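User: Hello! I am new to this structure and would like to understand the words used for it. Could you take me through them step by step?

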Amino acid sequence: MIKYLFVTLNSFALFFYSLFLDNGTVTVKGNFPSNIKPGTEVTAELIVNKGSMGGFAKLQIEVPEGVTVKESDSKGATYSFAGGIGKWIWTGVPSDQEFTVKLILVADASVSGTKQIGAKYSYVENNNKQIVEMTPVEVVFGEGSGTPAVAAETTTTAPETVAKTAELTPTVSSGD
């Protein structure tokens with residue numbers, strides 16, 4: 001009888017330990033305005049929960065034609081923008097488990113309509129490249145409601161996980 005009680009208590013302890021101390025998963029959450037007036041600049045952010053991973057990582061955002069991305073707070077990354085793609089590259093990611101990269105979206109005066117913005121986070125785990133890719137967020141360029149479009153934060157660990165709307169899915173890739 002005591003043996004079963006001991007096994008049950010250990011099972012509960014492991015369960016609660018995994019709930020509060022699981023640092024192995026990588027998640028990304030994006031905060032973008034749902035509406036941007038042409039010819040203006042707006043602040044947006046990408047929040048990365050890197051779990052226990054460290055070392056080399058790359059965060060990338062892809063914006064539509066007529067939109068550029070300016071660096072705001074890169075958390076020590078090297079930033080570049082070319083061809084509609086903004087990239088932040090770290091040789092060593094920030095030590096905080098979760099960090100926020102702030103950016104400025106600049107809409108050209110000629111851009112209009114509903115466009116998509118996508119992002120992905122790449123890192124190395126067990127000598128394999130892992131990619132967490134966000135389902136694109138739709139942003140209206142022109143008049144609209146002005147409520148924020150937020151990409152939902154997800155927790156996925158298996159490369160085979162199927163992507164859902166506004167979620168991120170890690171995949172294993174041999175190149176970029």
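Analyst: Gladly! Please keep in mind that this is a predicted model. We can start with K70, which has a relative accessible area of 38% and is therefore partly exposed.

User: What makes K70 partly exposed?

Analyst: A residue is buried under 20% relative accessible area and exposed over 50%, with partly exposed in between. K70, at 38%, falls in that middle range, so partly exposed is the right term.

User: How do you know that K70 and E41 form a salt bridge?

Analyst: The rule asks for a side-chain nitrogen of Lys or Arg within 4 Å of a carboxyl oxygen of Asp or Glu. In the pair K70 and E41, the closest N and O atoms are 2.8 Å apart, so the rule is met. K70 lies in strand β5 (residues 67-73) and E41 in strand β3, so this salt bridge ties together parts that are 29 residues apart in sequence. E41 is partly exposed, because its relative accessibility is 45%.

User: How many salt bridges are there by this rule?

Analyst: The count comes to two. D73 and K75 also meet through their side chains, at 3.4 Å from N to O. That distance is within 4 Å, so this pair is a salt bridge as well. D73 counts as partly exposed because of its 28% relative accessibility, and K75 counts as partly exposed because of its 36%.

User: Why is the pair of Y79 and W88 called tilted?

Analyst: There are three aromatic pairs by the rule used here, and Y79 with W88 is one of them. Their ring centres are 5.0 Å apart, which is within 6.5 Å, so they pair. The planes are at 45°, so they are neither under 30 degrees, as in stacked pairs, nor over 60, as in edge-to-face pairs, and tilted is what remains. Both Y79 and W88 are buried.

User: What makes the pair of Y121 and Y123 tilted?

Analyst: The same reasoning applies: the centres are 5.8 Å apart and the planes stand at 35°, so this pair is tilted too.

User: Are Y121 and Y123 buried or exposed?

Analyst: Y121 has 0% relative accessibility and Y123 has 5%; these values are under 20%, so Y121 and Y123 are buried.

User: Which residues make the nonpolar surface patch?

Analyst: F56, I89 and V124 make that patch, with an area of about 240 Å². F56 sits in the loop between β3 (41-49) and β4 (57-62). Its relative accessibility is 43%, so F56 counts as partly exposed.

How values were computed. Residues are numbered from 1 along each chain as its sequence is written. This is a predicted model: local features need pLDDT of at least 70, side-chain atom pairs count only at pLDDT 80 or more; totals for chains, interfaces and linings use all residues. Side-chain values use heavy atoms; hydrogens and water are left out. Patches are made of residues with over 30% relative accessible area and no salt bridge: like charges are joined within 9 Å, nonpolar side chains (Val, Leu, Ile, Met, Phe, Trp, Tyr) within 5 Å. Accessible areas come from the Shrake-Rupley method with a 1.4 Å probe; for residues, only the protein chains shown count as cover. Helices (H or I, at least four residues) and strands (E, at least two) are DSSP runs, numbered from the N terminus. Buried means under 20% relative accessible area, exposed over 50%, partly exposed in between (1.4 Å probe, protein chains only). Rings of Phe, Tyr and Trp (its six-membered ring) pair if their centres lie within 6.5 Å; planes under 30 degrees apart count as stacked, over 60 as edge-to-face and the rest as tilted.
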